[in-house]
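The following note is offered to a colleague beginning to read protein models. Its points are best followed with the structure open alongside.

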Amino acid sequence: MMDKKTIRNQMKKTLSGLSKPLYEDYSYKISKTLFEEQEWKSANVIGITISRPPEVDTYQIIRKAWESGKKVVVPKCYPKDRQLSFRTLTEFSQLETVYYGLYEPKLDKTTEIHIAEIDLLIVPGLAYTKEGYRLGFGGGYYDRFLSHFQGQTLSLAFGSQIVEKLPTEDYDIPVSKIITNTEVINSSWRNQ
Ligand SMILES: Nc1ncnc2c1ncn2[C@@H]1O[C@H](COP(=O)(O)OP(=O)(O)OP(=O)(O)O)[C@@H](O)[C@H]1O
Ligand SMILES: [Mg+2]
């Protein structure tokens, strides 16, 4: 099996070939599917990243959450110990650029929430297996966070991000569901 670094590079290359019109169509389709899911409907507090292309667009999901009266919390990374904390976002102007063009909540404009308050966590990644195993961007931030997260988990992916196999390790915690532009994968059923 290929190592994580090779798969990451390959996937980034594949995704960079996705045209803007298709990126928009697929992202729109994925978000519409998400809005029909029970996990979405019943969640009051949604943990979600601020997407950066070629990740599935999350801006339209955040707007929809606000319109539906849901609370949106977004991650702030702490690189020293590779921890994440989630902070309430009520408007996009509360974001600032940190490294590599990633947007994060401004500390003086947002407040931190406790992990137990998050009902549904949309977990980012580069590649996934149908069993919900995930290859992230390499920081281990979400692996660490998931190890003490008790709520629902779900990932959003383009069809090309679903792969047969991924290197997995003891600390890997699969997500329960993956929504792609072509299907909804119930990973937790597959793992039973
Ligand atoms: N629960 C954990 N506790 C401590 N270290 C961990 C944990 N999970 C992962 N790590 C460490 O984090 C590093 C990166 O892990 P990995 O390559 O799986 O990242 P990733 O899944 O791509 O990133 P992310 O979780 O941010 O999406 C590894 O060195 C791994 O040992
Ligand atoms: Mg990992």
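1. The model is a predicted one. A convenient place to begin is the cover over helix α4: its buried residues are covered by elements that include α2 (20-36), α3 (38-42), β2 and β10 (152-156). The helix itself spans residues 59-67, and Gln60, Ile61, Ile62 and Ala65 are its buried residues named here. After α4 comes Gly69, with a positive phi near 80°.

2. Gln60 deserves a closer look within this helix. The residue belongs to α4, and its side chain makes a polar contact of 3.0 Å with the side chain of Asp57. Beyond its neighbours within four places in sequence, Gln60 is in contact with Ser27, Tyr28, Ser31 and Phe35.

3. The sheet should be considered next. It is open and consists of 8 strands, in the order β6-β3-β2-β1-β7-β10-β11-β12, with mixed pairing. Strands β6 and β12 (184-186) occupy the edges; each has a single partner strand, so one side of each lacks a neighbour in the sheet.

4. Is the pairing of β1 with β2 parallel or antiparallel? Strand β1 (residues 45-47) pairs with β2 in the parallel sense, over 3 bridges. Within this pairing, Val45 is placed opposite Lys71 of β2.

5. Ile46 illustrates the surroundings of β1, the strand in which it is found. With a relative accessible area of 1%, Ile46 is buried; the cut-off for that term is under 20%. Although Ile46 and Val73 are 27 residues apart in sequence, their C-alpha atoms are 6.1 Å apart in space. Leaving out neighbours within four places in sequence, the contacts of Ile46 are Trp40, Lys70, Lys71, Val72, Val73, Leu120 and Ile122.

6. Strand β2 is largely enclosed by the rest of the structure, because 6 of its 8 residues are buried. This strand covers residues 71-78 and is joined to β3 by 7 bridges, the two running antiparallel. One of the pairs across them is Cys77 with its bridge partner in β3, Leu84. The hairpin of β2 and β3 has 4 residues between the strands, and there Arg82 adopts a positive phi near 50°.

7. Why can β3 be described as largely enclosed? The strand comprises residues 83-89, and 6 of these 7 residues are buried, so the rest of the structure encloses most of it. Strand β3 is also joined to β6 (residues 112-113) by 2 bridges, again in an antiparallel arrangement. Here Phe86 stands opposite Ile113 of β6. As a general point, side chains in a regular strand alternate between the two faces of the sheet.

8. Arg87 is a charged residue located in strand β3. Its relative accessibility is 8%, and it therefore counts as buried. Apart from neighbours within four places in sequence, Arg87 is in contact with Val72, Val73, Val74, Lys76, Pro105, Lys106, Leu107, Thr110, Thr111 and Glu112. By way of comparison with a remote position, Arg87 and Gly151 are separated by 64 residues in sequence and by 16 Å in space, C-alpha to C-alpha.

9. The final points concern ligand 1. How many residues surround it? There are 13, and the closest are Arg8, Arg134, Gly138, Tyr141 and Asp143. By type, the shell around ligand 1 consists of 4 nonpolar, 4 polar and 5 charged residues.

10. Several atom pairs place ligand 1 in more detail. An N or O atom in the side chain of Asp143 lies 2.8 Å from an oxygen atom of the ligand. The backbone also takes part: a backbone N or O atom of Gly136 is 3.0 Å from an oxygen atom of ligand 1, and one of Tyr142 is 3.1 Å from an oxygen atom of ligand 1. Ligand 1 on its own exposes 650 Å², of which the protein buries 73%. Two or more residues of the shell come from each of α1 (4-16) and α5 (141-146). The greatest contribution is that of α5, with 4 residues.

How values were computed:
Residues are numbered from 1 along each chain as its sequence is written. Chains are lettered from A and ligands numbered from 1 in the order in which they are written. This is a predicted model: local features need pLDDT of at least 70, side-chain atom pairs count only at pLDDT 80 or more; totals for chains, interfaces and linings use all residues. Side-chain values use heavy atoms; hydrogens and water are left out. A residue is near a molecule or strand if one of its heavy atoms lies within 4 Å of it. A polar contact is a pair of N or O atoms within 3.5 Å; within protein, one must be able to donate a hydrogen and the other to accept it, and residues adjacent in sequence count only if both atoms are side-chain atoms. Accessible areas come from the Shrake-Rupley method with a 1.4 Å probe; for residues, only the protein chains shown count as cover. Buried means under 20% relative accessible area, exposed over 50%, partly exposed in between (1.4 Å probe, protein chains only). Two strands pair if DSSP finds at least two bridges between them. Contact means heavy atoms within 4.5 Å.
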